[in-house]
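Biologist: Let us go through this model with a few direct questions. Please give the reasoning before each result.

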Amino acid sequence: MKVMGINSVMEALKSGNVNKIFVLKDYSNPRIKKIVALAKKKKIPVVYTPQLPKDARGVMAEISPIKYKDVDTIIDKCVREGSFILFLDSVEDPQNMGAIMRSAEFFGCAGVVIPKRRCVQVNETVAKVSAGAVFHLDIARVENLANTLKKLKKFGITVVGADLDGEPLKNVDLSPPIAIVVGGEDKGLSKPVKKQCDFIAKIEGYGKINSLNLSVAGAILMYEFRRRLYEG
């Protein structure tokens, strides 16, 4: 797996997942110089090359595959920290996956859970769009998302889904620990997953467009969770 771009490569380096760095010859960007210095400090091979893909913007890293976590580890972390878990239901666009994972890491998510099928997996595009956030997140893959959500009830975790037919977000209890569930593009939450939600939250709009991109909707729910937690 290859990761391209200054931000993504730097975050991959920090996480310890990098096997090798590729850098354009005659580079001058000071941020790339920092990457090279850090790679050498960590004794990671640096290869200077006359050509790289345009999206690399001068630097690319060869990394180890993402090591998925066991979902029980994420559940335990969520309960201990009084945090939240992000569940992604049939997200098919890697751009959306990367964007919402970036937000999840930013807001201190205990972990992200995705299904093994009918969902984009963590690939180079996801890593790049997430600006390297995927390397700092605990990510689990499960056979059945609905069954996993059902399992959360035993640990006192409240399941909150995002959907247009829900009640206004301001009226939904977001007391930790919780699971935030976001559905896929156009389809929203699947029926089995929706059935396991304790609450369905709707983000109220004020314009002519009646819905938000899934990554934006997810970020708003995560922000609201943190806001209430800190403001009491």
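Modeller: This is a predicted model. C78 is a place to start: this cysteine is buried, with a relative accessible area of 0%.

Biologist: Which cysteine sulfur is closest to that of C78, and how far away is it?

Modeller: A disulfide needs two cysteine sulfur atoms within 2.5 Å. The sulfur of C78 is too far from its closest counterpart for a bond. That counterpart is in C109, at 8.0 Å.

Biologist: How many disulfides does the model have?

Modeller: C197 is buried as well, with a relative accessible area of 12%. Its sulfur is 15 Å from the closest cysteine sulfur, in C78, and therefore too far for a bond. With the cut-off of 2.5 Å, the number of disulfides is 0.

Biologist: What span does helix α2 reach from its first C-alpha to its last?

Modeller: Helix α2 takes in residues 30–41, which is 12 residues. At 1.5 Å a residue, 16 Å is expected. The model comes close to this, with a span of 17 Å.

Biologist: How wide an arc do the buried residues of α2 cover around the axis?

Modeller: The buried residues in α2 are I32, I35, V36 and A39. They sit on the same side of α2, because the arc they cover is only 95°.

Biologist: Which exposed residues does the face of α2 turned away from the buried side carry?

Modeller: The buried side of α2 is covered by elements including α1 (6–15), β2 (18–24), β3 (46–49) and β4 (59–63). The face turned away from that side carries exposed residues. These are P30, K34 and K41.

Biologist: Which residue caps the N-terminal end of α2?

Modeller: The backbone nitrogen of R31 has a side-chain oxygen 2.8 Å away. The residue that provides this oxygen, and so caps the N-terminal end of α2 by a polar contact within 3.5 Å, is N29.

Biologist: What phi does K43 take?

Modeller: K43 comes just after α2. Its phi is positive, at about 60°.

Biologist: Which element gives the largest share of the largest nonpolar core?

Modeller: That core has 53 residues, and those touching the most other members are I21, L86, L88, M97, M101, V112 and V134. The largest share, 5 residues, comes from α1.

Biologist: How many residues are in the other core, which lies apart from it?

Modeller: In the largest core, L86 touches residues including I100, C109, V112 and M222, leaving aside those up to four places away in sequence. The other core includes I75, A179, L189 and I200. Its number of residues is 22.

Terms used
Residues are numbered from 1 along each chain as its sequence is written. This is a predicted model: local features need pLDDT of at least 70, side-chain atom pairs count only at pLDDT 80 or more; totals for chains, interfaces and linings use all residues. Side-chain values use heavy atoms; hydrogens and water are left out. Buried means under 20% relative accessible area, exposed over 50%, partly exposed in between (1.4 Å probe, protein chains only). Helices (H or I, at least four residues) and strands (E, at least two) are DSSP runs, numbered from the N terminus. The expected span of a helix is 1.5 Å times one less than its number of residues. The arc is that of the directions from the helix axis to the C-beta atoms. Contact means heavy atoms within 4.5 Å. A polar contact is a pair of N or O atoms within 3.5 Å; within protein, one must be able to donate a hydrogen and the other to accept it, and residues adjacent in sequence count only if both atoms are side-chain atoms. A nonpolar core is a set of buried Ala, Val, Leu, Ile, Met, Phe, Trp, Tyr and Cys residues joined through side-chain atoms within 4.5 Å.
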